[in-house]
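Q: How do you get from a computed value to a structural term? Let's take the terms one by one and set each value against its rule.

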Amino acid sequence: CVAKYGQKWVRTRTVVDSCSPRWNEQYTWEVYDPCTVLTLAMFDNCHLGKANAAAGNAVLRDQVMGKVRIRLSTLEMDKVYTNAHHLVVLHPSGVRKNGELCLAVRLTSVSLASVMCLYGKPLLPKMHYVQPFAIPQLDALRRQAMSIVAARLSRAEPPLRREVVEYMLDAGSHLWSMRRSKANFFRVTALLSGAASTARWLVDVCHWRNPVTTVLVHLLFVTLMCFPELILPTMFLYMALAGLWNYRRRPRRPASMDARLSCAEATHLDEIDEELDTFPTSKPNDVVRLRYDRLRSVAGRIQTVVGDVATQGERVRSLLAWRDPRATALFTALCLVAAVTLYVTPLRVVALVAGLYALRHPRFRSRMPSAAGNFFKRLPSRADTML
């Protein structure tokens, strides 16, 4: 078992011929920032015993059995967390579950106030913000740092092999992976699901799906418009109450590696084989051609989404760019009318009228798109001039 935090690496002794090893070893690290991660991984030592004798002159590699990451900021002070973490590793035949790793972790601090002050300090030294590195420079420095650490630990006694260091430092995390791309897409979808559910709830309120809720929203809206000084206190009070309400559902143990979140359980074997392939590839031409076509299809969908987002942004810019003279003239005239109206009308009255119009009863609504939406969709974009 290998553990790493900061610049300090530790390695347990190798337990030979045992499927349930017990190390009973204890290590201590000095925490420089609570918002950092302790990384542990377990390996099958293939350089000892029968495996080494049977291999002969073949190149042996330590077999990966799983990894655990523990973010220190998720731990409570002076509390001992004794949990079994699942060991999951990606294998060419699929997801392989290699048992559990039992750990006892405790985070201690002399001064809680000093820890709380760290949350407001910059993550990096000042020079990183004055003269920041470019992305290619960061990638090159990361590769060089990994090579330096691997060379240093290979001379230790007992040595740590290069494959161990690469796995601990996630050396291949920047390479293309269909599985990782899908996982990140689902993460973004889950992140936006809260905003989407709020928008759906607001649409239901505006369409009077639940009359009681809509009436309560009307009362709250009219109250806030009549007393605008209560808007910000109400928002912060709601967030404070939400934080207190979620306290009872707080996590009680450090998070383990999640195969479902990583989209590793439902991934096709060919996608896993593509992710575990070497760089440059060592596969035959037919396999590479098939994977290239699949990559083009995925990139095409991403390209379409990015193009749609760019089109909407360019339509906003074209409102005042006179690419469509009639649309810009109409929008300019509307802005002039709005400026005069807002000047002679109190902002409280304008907000109240706009909110009540948005919350009007479905009897006063039309199923046809609004005039503003039709106007916006007719605006030009730079997609018309692309080859």
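Q: Why is Arg-209 called exposed?
A: Exposed means over 50% relative accessible area, buried means under 20%, and partly exposed lies in between (1.4 Å probe, protein chains only). Arg-209 has 58% relative accessibility, so Arg-209 counts as exposed.

Q: What kind of model do these values come from?
A: This is a predicted model, where local features need pLDDT of at least 70, side-chain atom pairs count only at pLDDT 80 or more, and totals for chains, interfaces and linings use all residues. Residues are numbered from 1 along each chain as its sequence is written, and side-chain values use heavy atoms, with hydrogens and water left out.

Q: What makes Arg-209 and Asp-204 a salt bridge?
A: The rule asks for a side-chain nitrogen of Lys or Arg within 4 Å of a carboxyl oxygen of Asp or Glu. Here N and O are 3.2 Å apart. The pair therefore meets the rule.

Q: Why can such side chains pair at all?
A: Side chains of opposite charge can pair when their charged atoms come close.

Q: Which term fits Asp-204: buried, partly exposed or exposed?
A: Asp-204 has a relative accessible area of 30%, so Asp-204 is partly exposed.

Q: How do you know that Arg-250 and Glu-76 form a salt bridge?
A: Their closest N and O atoms are 3.9 Å apart. That value is within 4 Å, so the pair counts. The two residues sit in distant parts of the chain, 174 residues apart. Arg-250 is in the loop between helix 8 and helix 9 (269-275), and Glu-76 is in the loop between strand 4 (63-71) and strand 5 (80-91). Helices (H or I, at least four residues) and strands (E, at least two) are DSSP runs, numbered from the N terminus.

Q: Why are Arg-250 and Glu-76 called partly exposed?
A: Arg-250 has a relative accessible area of 27%. Glu-76 has 38%. Both are therefore partly exposed.

Q: What does the salt bridge between Arg-13 and Glu-25 tie together?
A: The side chains meet at 2.9 Å, N to O. Both residues lie in the loop between strand 2 (8-11) and strand 3, so the pair ties together parts that are 12 residues apart in sequence.

Q: How many salt bridges does the rule give?
A: The count comes to 8. Lys-67, Arg-69 and Asp-170 are linked in a network of salt bridges.

Q: What makes Asn-45 and Thr-14 a polar contact?
A: A polar contact is a pair of N or O atoms within 3.5 Å; within protein, one must be able to donate a hydrogen and the other to accept it, and residues adjacent in sequence count only if both atoms are side-chain atoms. The side chains of Asn-45 and Thr-14 make this contact at 3.2 Å. Asn-45 lies in the loop between strand 3 (37-44) and helix 1 (49-55).

Q: How do you know whether the chain matches a compact globule?
A: Compare radii of gyration, taken over C-alpha atoms; the globule rule is 2.2 Å times the number of residues to the power 0.38. A compact globule of 387 residues would have a radius near 21 Å, but the protein chain has 29 Å. The chain therefore does not match the globule value.

Q: What share of the residues is buried?
A: Buried residues make up 22% of the 387 residues.
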